[in-house]
Amino acid sequence: MNDADNALNAIEYAGGVIAVDSGFTRPQMAACYLLEGDGEVAVIETGTNASVPRIEGVLAARGWQPEQVRYVILTHVHLDHAGGAGTLMQRMPQATLLVHPRGARHMVDPSRLEAGVRAVYGDEVYDRDYGTLVPVPEARVRAMDDGERVELGGRELLFRDSPGHAKHHFCVWDEATRGWFTGDTFGLSYRELDTAAGPFIFPTTTPVQFDPEALHASIEMLMASDPQYMYLTHFGRVGDLDRLAADLHARVDQFVAIADRRVGDDPELRGEAMRADMYEALREATTAHGVRLQADDFRQVVWGDIVLNVQGLEFWLDHRD
Ligand SMILES: [Zn+2]
């Protein structure tokens, strides 16, 4: 990989935070982050196996040796975030993998994780997007409890349990930049939907652990630290957080209402109706935000998430008390 490729694949923010485009499904869809300390560096989110050479390329271009990667950190073990962890750990011999207590065993033995993802998405999507998951040796995995901290080359990272999108999810607070690495807890904000009014944001409710009450509480937990930035996996750094948090809360409720409206409907038919409702809701909200994309281009940006969000809402409808 040459420097021009690296420039295209990475965005440098202030304070030693670099977003690396993982290449998952399309450009600017999923990020991994480098967090640079004094003499050592962490990788937050690994993307998939196919993302590992991109991370290695940006590390090398910035002068980091593989031995200087002290931590590989996963916000949760969904495979767009963690699918490359085993491969990356093989390439970074001094790194410790930091993961939520509920996710740790799935990194040591990824067979159940793979089976679960195959069950939700099907073999065709699995084989195309993810490939073989490499186990991480147990001795190199550290489960991080709620409130634990680590030091990285002079900067301190705090780990906070953040359920709602998944029960195996934590967010990571970087005191140096007053920013949270939010994984999927603080929703999705694609740069294609930026306007003069700023970024647009909406929640991710993917299967199988969406919990709206927990998600509302986790968003509040993040906002309680008075953050300056959120580093979203999907995609990049956002500010203007009071507005975005209010929008996220409102859209969690809106998505729940889209599901509630279909209680008692034929399970064979309700998914299509919910996808249409969510598309209309997002089309209306982004238009009000000033987005002027043609319908086809807009659909390219949001449709994959609408499909997954509706799958998660249907699972939630079928399994809530
Ligand atoms: Zn994700």
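Domain bounds, as used here, come from an automatic or database domain assignment. For this predicted model, that assignment gives domain 1 (3-241) and domain 2 (250-319).

**The two domains**

The C-alpha centres of domain 1 and domain 2 are 25 Å apart. Contact between the domains involves 20 residues of domain 1 and 20 residues of domain 2. On the side of domain 1 that touches domain 2, the residues divide by character as follows.

| Character of residues on this side of domain 1 | Number |
|---|---|
| Nonpolar | 13 residues |
| Polar | six residues |
| Charged | one residue |

**The nonpolar core**

The largest nonpolar core contains 84 residues, and those with the most contacts inside it are Tyr33, Val43, Val72, Leu97 and Val172. Helix 9 gives the most to this core, namely seven residues. Because domain 1 (3-241) and domain 2 (250-319) both give residues to the core, it lies between them. Val172 illustrates the packing: leaving aside residues up to four places away in sequence, Val172 touches Ile44, Ile73, Leu157, Phe159, Trp180 and Phe181.

**Helix 11**

Helix 11 comprises residues 295-319, 25 residues in total. From its first C-alpha to its last, helix 11 reaches 34 Å, which is close to the 36 Å expected at 1.5 Å a residue. A bend of about 50° occurs in helix 11 at Val302. Val302 is also one of the buried residues of this helix, and the others are Val301, Asp305, Asn309, Val310, Gln311, Gly312 and Leu313. Against which helices do the buried residues of helix 11 pack? Their partners are helix 9 (241-260) and helix 10 (267-289).

Conventions:
Residues are numbered from 1 along each chain as its sequence is written. This is a predicted model: local features need pLDDT of at least 70, side-chain atom pairs count only at pLDDT 80 or more; totals for chains, interfaces and linings use all residues. Helices (H or I, at least four residues) and strands (E, at least two) are DSSP runs, numbered from the N terminus. The expected span of a helix is 1.5 Å times one less than its number of residues. The bend at a residue is the angle between axes fitted to the seven residues ending there and the seven starting there. A residue is buried if 20 or more other C-beta atoms lie within 10 Å of its own, exposed if 12 or fewer, and partly exposed in between; C-beta atoms are placed from the backbone. Two residues are in contact if their C-beta atoms, placed from the backbone, lie within 7 Å. A nonpolar core is a set of buried Ala, Val, Leu, Ile, Met, Phe, Trp, Tyr and Cys residues joined through C-beta atoms within 7 Å. Ala, Val, Leu, Ile, Met, Phe, Trp, Tyr, Cys and Pro count as nonpolar, Asp, Glu, Lys and Arg as charged, and the others, Gly among them, as polar.
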